[in-house]
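Open your viewer, pull up the cartoon and keep the selection box handy. We will go from stop to stop, and at each one you will get something to select and something to look for.

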Amino acid sequence: MYCKLCLKNTDLRESHIIPETFYEEIYDNLHRMVFLSLKDTKLKFIQTGIKEKLLCHNCEQRFSRWENFLKRDLVDFGNKKSKYLKFPILEENFIQVEGIRYNEFKLAILSILWRLSVSSHPYHCLYKLGIHEDKLRHILLKGIAPDESIYPIIVTRHEIEKEFDPGIIMQFPPKVVKKSFTIPSHTIPPKRFEQLLTIEAFTIWGHTFKILINDNIFMKVNLENFLRKSGHLNIKAQELIEFMSEDSVLSRIYDQDVNNIYEKMIDESE
Ligand SMILES: [Zn+2]
């Protein structure tokens, strides 16, 4: 079979789409979790994160190196302390981080987004990157993160009653926004263009990552709150409840079937 990243015909591994390490806080004592979706009618336990034959051994190793950096950083963001990172601003609803390894951090996030898009598993069907799927494949294969304004990333931290909560993975449908840009030219005034851009998002380890699907260098993006090449990142904290809307999967948590399966989990784990 062909590796989806390097396209070599070789033995493929059962690769996690979202790395197993980000499921750690989700499993109960019996290593079970429940997958919720707005359409789900039959809830059942899942014993392991979703896997699929996607990558060869080498490509899997490449991803796991980036994931280890990302996990270490996310754990430290969660604890608001670190041996490697600095937190010049630590306020109740806002954290400023310094010292992030831009290359590894960004490649890890882009690699998860790419895997969500490449996956043919029905649970990940929300993610379809179109032409950007192959553009990201080239970036990941090269192993050099693109400039901060290309596929820029914004990060939000989730709290439940002010407590950080790494125990949730969420997926979101794409959101389309309109952005304008100006191509430098000799015409006065310079020509302005408008383009529709997609924002893709997912939540792992208590943080939601929003990625602006843009590789147009002329697009003006105010990068203040995005991941910077310098290793700076501004993170806003948000109560998970603020995500609750009718089209959000969080609205399912009050449903009877969800309550029943959660109670079963608690009873059987004790
Ligand atoms: Zn490969």
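Are α2 and α3 parallel or oblique to each other? Keep that in mind as you start, and remember throughout that you are looking at a predicted model.

**Stop 1: α2 and α3**

Select residues 102-118 for helix α2 and residues 131-142 for helix α3. Their axes are 10 Å apart, and the two helices pack at an angle of about 140°. The cut-off for roughly antiparallel is over 145 degrees, and α2 and α3 are therefore oblique to each other. The crossing of this pair is left-handed.

Now show side chains where the two helices touch. On the α2 side, pick L107, L110, S111, W114, S117 and V118. Across from them in α3 are E133, L136, R137, I139 and L140. Sorted by class, this contact between α2 and α3 has seven nonpolar residues, with two polar and two charged ones.

**Stop 2: α1 against α2**

Keep α2 on screen and add helix α1, residues 57-79. How do α1 and α2 cross? Their axes come within 8 Å and cross at roughly 110°, which makes α1 roughly perpendicular to α2.

For the contact itself, select F63, W66, E67, F69, L70 and D73 in α1. They meet E104, F105, L107, A108 and S111 in α2. Here the residues divide into seven nonpolar, one polar and three charged. Leave L107 and S111 highlighted for a moment: both take part in the contact of α2 with α1, and both also appear in the contact of α2 with α3.

**Stop 3: K80 and the β5-β6 hairpin**

Next, select K80, in the loop between α1 and β5. Most residues other than glycine have a negative phi. K80 is not a glycine, yet it has a positive phi of about 55°. Is K80 buried or partly exposed? With 13 other C-beta atoms within 10 Å, K80 is partly exposed.

Carry on to β5, residues 86-90. How many of the five residues of β5 are buried? The count is zero, and β5 is hardly covered. Add strand β6, residues 94-98, which pairs with β5 in the antiparallel sense over three bridges. One pair to label is L90 with its bridge partner I95 in β6. A hairpin of three residues joins the two strands.

**Stop 4: R101**

Move to the loop between β6 and α2 and select R101. R101 has 18 C-beta neighbours inside 10 Å and so counts as partly exposed. Which residues does R101 contact, leaving aside its neighbours within four places in sequence? They are F69 and G231. You have already met F69 among the α1 residues that face α2.

Then try the distance tool between the C-alpha atoms of R101 and K229: they are separated by 8.5 Å, although the two residues are 128 apart along the chain.

**Stop 5: β11 and its partners**

Hide the helices and select strand β11, residues 192-204. Which strands pair with β11? Take them one at a time.

- Strand β9, residues 170-171, runs antiparallel to β11 and is joined to it by two bridges. Label M170 and its bridge partner T203.
- Strand β10, residues 175-182, pairs with β11 in the antiparallel sense over eight bridges. Look for V177 opposite L197.
- Strand β12, residues 207-213, also runs antiparallel to β11, with seven bridges between them. Here I199 has L212 as its bridge partner.

**Stop 6: W205**

Finish in the hairpin of β11 and β12, which has two residues between the strands. Select W205 there: its phi is near 45°, a positive value in a residue other than glycine. Is W205 buried or exposed? W205 is buried, with 27 other C-beta atoms within 10 Å. K80, which also has a positive phi, is partly exposed.

**Zooming out**

Bring everything back. The chain has four helices and 13 strands, and 23% of its 270 residues count as buried. Among contacts between residues at least 6 apart in sequence, 70% join residues at least 24 apart.

Technical notes:
Residues are numbered from 1 along each chain as its sequence is written. This is a predicted model: local features need pLDDT of at least 70, side-chain atom pairs count only at pLDDT 80 or more; totals for chains, interfaces and linings use all residues. Axes are lines fitted to C-alpha atoms, for helices over the stretch in contact, and angles run from 0 to 180 degrees between N-to-C directions. Angles under 35 degrees count as roughly parallel, over 145 as roughly antiparallel, 65 to 115 as roughly perpendicular and the rest as oblique. A crossing is left-handed if the near helix is turned anticlockwise from the far one by less than a right angle, and right-handed if clockwise. Two residues are in contact if their C-beta atoms, placed from the backbone, lie within 7 Å. Ala, Val, Leu, Ile, Met, Phe, Trp, Tyr, Cys and Pro count as nonpolar, Asp, Glu, Lys and Arg as charged, and the others, Gly among them, as polar. Two strands pair if DSSP finds at least two bridges between them. A residue is buried if 20 or more other C-beta atoms lie within 10 Å of its own, exposed if 12 or fewer, and partly exposed in between; C-beta atoms are placed from the backbone.
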